[in-house]
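Here are my comments on the model you sent round. Please read them with the structure open.

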Amino acid sequence: MDEIETSISAEEPSRWSVRLDRLRLRLRLRFRDAGLESAYRADRFRHNLGNIRFAFLAGVALWVTWGLLLRPHMLALSDQRLDLLMRFAVFIPMLIVGFGLTYTRFFGRAWEWASVSIAAATILFWVFYVSRVTTLPAEYGYVGVILITAFTYTLLQLRFVLVMLVTAIGIVAYLPYAISAGWIVDVSLVLATLYLVSFGFLGGLAAYRLERFTRDLFLRERQLEQERTRSDGLLLNMLPAAIVERLKTSSGGRIAQSFDRVSVFFVDAVGSTEQAARSTPEAFADALDALFRHFDGIAARHGLEKIKTIGDAYMAVAGAPTPMADHAEAAVGMAVDILTDAGEIRWPSGDPIVVRGGIATGPAVAGVIGDRRFAYDLWGDTVNLASRLEESAGPGQVLVSESTARELTDRYDFGPSEILEVKGKGPTTVSVLLGRHSNVPIMAPLASEVE
């Protein structure tokens, strides 16, 4: 019972902290993590760039359209001249400049404040403009302010705090003018106040809900991307990268490939059965894990693809699933490095881990089959031969098939060719790998070390 109460009390703070974080996000509309906030804003800009450009172009189109429609209703010549001047020398050029800025490098860092500046300047010039136009009704003024602020949360999709800033500028700029203008009657002033405040409230509410939604969506997309990266990482631990990509695009789970020439390398730890009997399961598993991790590093360095581990045996291939011109040299190079490092990793008993291996070169078939627990595997005579050579090799030796040695005699040293009776294949010509040219030959460990 005490354990249950302890676990509950330990979980409660985390739950409450999550709830407080969500509440804080909803109230402040800002992530506590500065890096996350910066990533969100960059993501919003990428998704919103098309809307921003469209908003500027749509604004230009509206200024032109409204000017054509309202010009016949401007009875004073001075009003028509002022209208042309403000429309085509102030309002439209500001939007064109804003549109041009969207193609500059720095716009991504300052797009919000650039948009706010253009919107605020448009409102201020608009109030000046309507204060000089005397032949249009008073509603013309506050409707224009409402339309300008509406652009900030519909097309520009600015953050809530910036939308409210533009809305406040519009109200503060227009209402003092409307109050001081003698020709605006009281009812028009009341309507202007009601409309500006009401639309400001509705616009702010829309901006708030939109930003909260986009922030939640951003977090979910990041979580989804993290899960996708995690699942891809798990797949890459089980399958080669090229096969993972094919599985993503293929309709079924079966993949089969034929390779004219690959080099298969088998290596195992000598005396592992006896060492397992002398060690705890945990210590024995730790030793094998260290050994296979060491093999993984060498395989990656030489460009081999790890296929699987079978008990204490490790299988890798050069030339599949991605063909490789120097596959034989890559496999033999891995074997040389493994033998060079022999003895660095030890069993729990303190004895050095001695290995033996086999390499064969030739054709093979590879692929992924089955419906569950996908695994990339190789089949064919080349695989069988490499496995048999590993089983026949002595401690500290790597037996190489004739086809492999024939390709590398100018770069590696091999022992004299000998005929080996290979199970399931018969007499087979093989050689013992000694090392690279001009290197000291790799010698097998002493029998005492193996025992």
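The numbered points below go from the whole chain to single residues.

1. **Overall make-up.** This is a predicted model. The protein chain has 14 helices and 9 strands. Of its 451 residues, 43% count as buried. The accessible surface of the chain comes to about 24,600 Å². Carbon and sulfur atoms own 60% of that surface.

2. **Contact range.** Take the contacts in the chain with a separation of 6 or more. Residues 24 or more positions apart account for 73% of them.

3. **The largest nonpolar core.** This core has 52 residues. Which members touch the most others? They are Phe 91, Trp 126, Tyr 129, Tyr 174 and Tyr 177. At least two residues each come from helix 2 (34–70), helix 3 (77–101), helix 4 (107–132), helix 5 (139–154), helix 6 (160–180) and helix 7 (186–238). Helix 4 gives the largest share, with 11 residues. The general background fits here: in soluble globular proteins, nonpolar side chains tend to be buried together.

4. **Tyr 129 and its partners.** Setting aside residues up to four places away in sequence, Tyr 129 touches Met 74, Leu 82, Asp 83, Met 86, Arg 87, Phe 91 and Tyr 140. A second core lies apart from the largest one and holds 36 residues. Among its members are Leu 304, Ala 328, Ala 405 and Leu 433.

5. **Helix 6: geometry and burial.** Does the length of this helix fall at, above or below what is expected? At 1.5 Å a residue, its 21 residues should span 30 Å. The end C-alpha atoms are 31 Å apart, so the two values agree. Buried positions in helix 6 are Leu 162, Val 163, Val 166, Thr 167, Gly 170, Ala 173, Tyr 174, Leu 175, Tyr 177 and Ala 178.

6. **Ala 178.** This residue is found in helix 6. Its relative accessible area is 2%, so Ala 178 counts as buried. Beyond its neighbours within four places in sequence, Ala 178 is in contact with Ile 184 and Leu 189. Ala 178 and Ala 192 are 14 residues apart along the chain, and 8.3 Å separates their C-alpha atoms.

7. **A nonpolar surface patch.** Val 185, Val 187, Leu 191, Tyr 195 and Phe 199 form a nonpolar patch on the surface. Together they offer about 430 Å² of accessible area. Tyr 195 is found in helix 7. Is Tyr 195 buried, partly exposed or exposed? Its relative accessibility is 38%, so Tyr 195 counts as partly exposed.

8. **Salt bridges: the buried pair.** The structure holds 20 salt bridges. In one of them, Glu 211 meets Arg 215 at 3.0 Å, N to O. Both residues are buried. They are 4 residues apart in helix 7, which means about one helical turn between them. An α-helix has 3.6 residues a turn, so residues three or four places apart point the same way. Glu 211 and Arg 215 also belong to a network of salt bridges with Glu 37 and Arg 41.

9. **Salt bridges: helix 10.** Arg 293 pairs with Asp 289, with the closest N and O atoms 2.8 Å apart. Both lie in helix 10 (residues 281–302), 4 residues apart, about one turn of the helix. Arg 293 has 57% relative accessibility and therefore counts as exposed. Asp 289, at 37%, is partly exposed.

10. **Salt bridges: helix 10 to strand 2.** The side chains of Lys 306 and Asp 296 meet at 3.5 Å, N to O. Lys 306 sits in strand 2 (residues 305–310) and Asp 296 in helix 10, 10 residues apart. Lys 306 has 34% relative accessibility, so this residue counts as partly exposed. Asp 296 is also partly exposed, with a relative accessible area of 28%.

11. **A loop residue to check by eye.** Where is Tyr 103 found? It is in the loop between helix 3 and helix 4. Tyr 103 counts as exposed because its relative accessibility is 53%, and the cut-off for exposed is over 50%. Tyr 103 and Arg 53 are 50 residues apart in sequence, yet 9.5 Å apart in space, C-alpha to C-alpha.

Terms used
Residues numbered from 1 in each chain as written. Predicted model: local features only at pLDDT ≥ 70, side-chain atom pairs only at ≥ 80, totals over all residues. Heavy atoms only, no water. Core = buried A, V, L, I, M, F, W, Y, C linked by side-chain atoms within 4.5 Å. Buried < 20%, exposed > 50% of the residue type's maximum accessible area, 1.4 Å probe, protein only. Contact = heavy atoms within 4.5 Å. Expected span 1.5 Å × (residues − 1). Patch = residues over 30% accessible without salt bridge, like charges linked within 9 Å, V, L, I, M, F, W, Y side chains within 5 Å. Areas by Shrake-Rupley, 256 points an atom, 1.4 Å probe, with all protein chains shown as cover. Salt bridge = Lys/Arg side-chain N within 4 Å of Asp/Glu carboxyl O.
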